[in-house]
Amino acid sequence: MYVCLCQGVTDGHIRDAIYEGCCSYREVRVATGVASQCGKCACTAKQIVRETISDL
Ligand code: FES
């Protein structure tokens, strides 16, 4: 599912960034570009990061 339409970032991209070493929302944002334009996706992106990190 697309989380960020501006940057074309999916929930899978966010999870992969975490599996590859990102350990915060900030790092995921830098790695994927999520929420770097309009910012509407920030809440959803943060939630996915939180859930993925807590499932590790
Ligand atoms: Fe993610 Fe616009 S939808 S920055």
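The following legends describe close-up views of a predicted model.

**View 1. The largest nonpolar core and its contact-rich residues Ile14, Val28 and Val34**. This core comprises 16 residues, and Ile14, Val28 and Val34 have the most contacts inside it. At least two core residues are supplied by each of strand 1 (2-4), helix 1 (11-19), helix 2 (25-32) and helix 3. Helix 3 provides the largest share, four residues. Beyond its neighbours within four places in sequence, Ile14 is in contact with Val3, Val9, Val28, Val34, Ala45, Ile48 and Val49. As a general background, nonpolar side chains in soluble globular proteins tend to be buried together.

**View 2. Thr52 in helix 3**. Helix 3 spans residues 42-54 and includes Thr52. Thr52 counts as buried because its relative accessible area is 5%, under the 20% limit. A polar atom of the Thr52 side chain lies 2.7 Å from the backbone oxygen of Ile48. When residues up to four places away in sequence are not counted, Thr52 touches Arg15, Ile18 and Tyr19.

**View 3. The salt bridge between Arg15 and Asp11**. The side chains of these two residues meet at 3.2 Å, N to O. The count of salt bridges in the model comes to one. Arg15 and Asp11 both belong to helix 1 and are four residues apart, about one turn of the helix. Arg15 is partly exposed, with a relative accessible area of 28%, whereas Asp11 counts as buried at 17% relative accessibility. In general terms, side chains of opposite charge can pair when their charged atoms come close. Arg15 is also one of the residues that Thr52 touches, which links this view to the preceding one.

**View 4. A nonpolar surface patch formed by Tyr19, Ile53 and Leu56**. Together, Tyr19, Ile53 and Leu56 have about 340 Å² of accessible area. Leu56 is placed in the segment after helix 3. Leu56 is classed as exposed because its relative accessible area is 66%, over the 50% limit. Tyr19, another member of the patch, is among the residues touched by Thr52.

**View 5. Ala35 and its positive phi**. Ala35 is not a glycine, yet its phi is positive, at about 65°. For context, most residues other than glycine have a negative phi. Ala35 is situated in the loop between helix 2 and helix 3. With a relative accessibility of 15%, Ala35 counts as buried.

**View 6. Ala17 of helix 1 and its surroundings**. Ala17 is buried, with a relative accessible area of 8%. The C-alpha atoms of Ala17 and Val28 are 6.2 Å apart in space, and the two residues are separated by 11 residues in sequence. Apart from neighbours within four places in sequence, Ala17 is in contact with Cys22 and Thr32. Val28 also appears among the residues with the most contacts inside the largest nonpolar core.

**View 7. Thr10 in strand 2**. Strand 2 covers residues 9-10. Thr10 counts as buried at 15% relative accessibility. Although Thr10 and Ala45 are 35 residues apart in sequence, their C-alpha atoms are 9.2 Å apart in space. Leaving aside neighbours within four places in sequence, Thr10 is in contact with Met1, Tyr2 and Val3. Val3 and Ala45 are also among the contacts of Ile14, the residue shown in the view of the core.

Key: Residues are numbered from 1 along each chain as its sequence is written. This is a predicted model: local features need pLDDT of at least 70, side-chain atom pairs count only at pLDDT 80 or more; totals for chains, interfaces and linings use all residues. Side-chain values use heavy atoms; hydrogens and water are left out. Buried means under 20% relative accessible area, exposed over 50%, partly exposed in between (1.4 Å probe, protein chains only). A polar contact is a pair of N or O atoms within 3.5 Å; within protein, one must be able to donate a hydrogen and the other to accept it, and residues adjacent in sequence count only if both atoms are side-chain atoms. Contact means heavy atoms within 4.5 Å. A nonpolar core is a set of buried Ala, Val, Leu, Ile, Met, Phe, Trp, Tyr and Cys residues joined through side-chain atoms within 4.5 Å. Patches are made of residues with over 30% relative accessible area and no salt bridge: like charges are joined within 9 Å, nonpolar side chains (Val, Leu, Ile, Met, Phe, Trp, Tyr) within 5 Å. Accessible areas come from the Shrake-Rupley method with a 1.4 Å probe; for residues, only the protein chains shown count as cover. A salt bridge is a side-chain nitrogen of Lys or Arg within 4 Å of a carboxyl oxygen of Asp or Glu.
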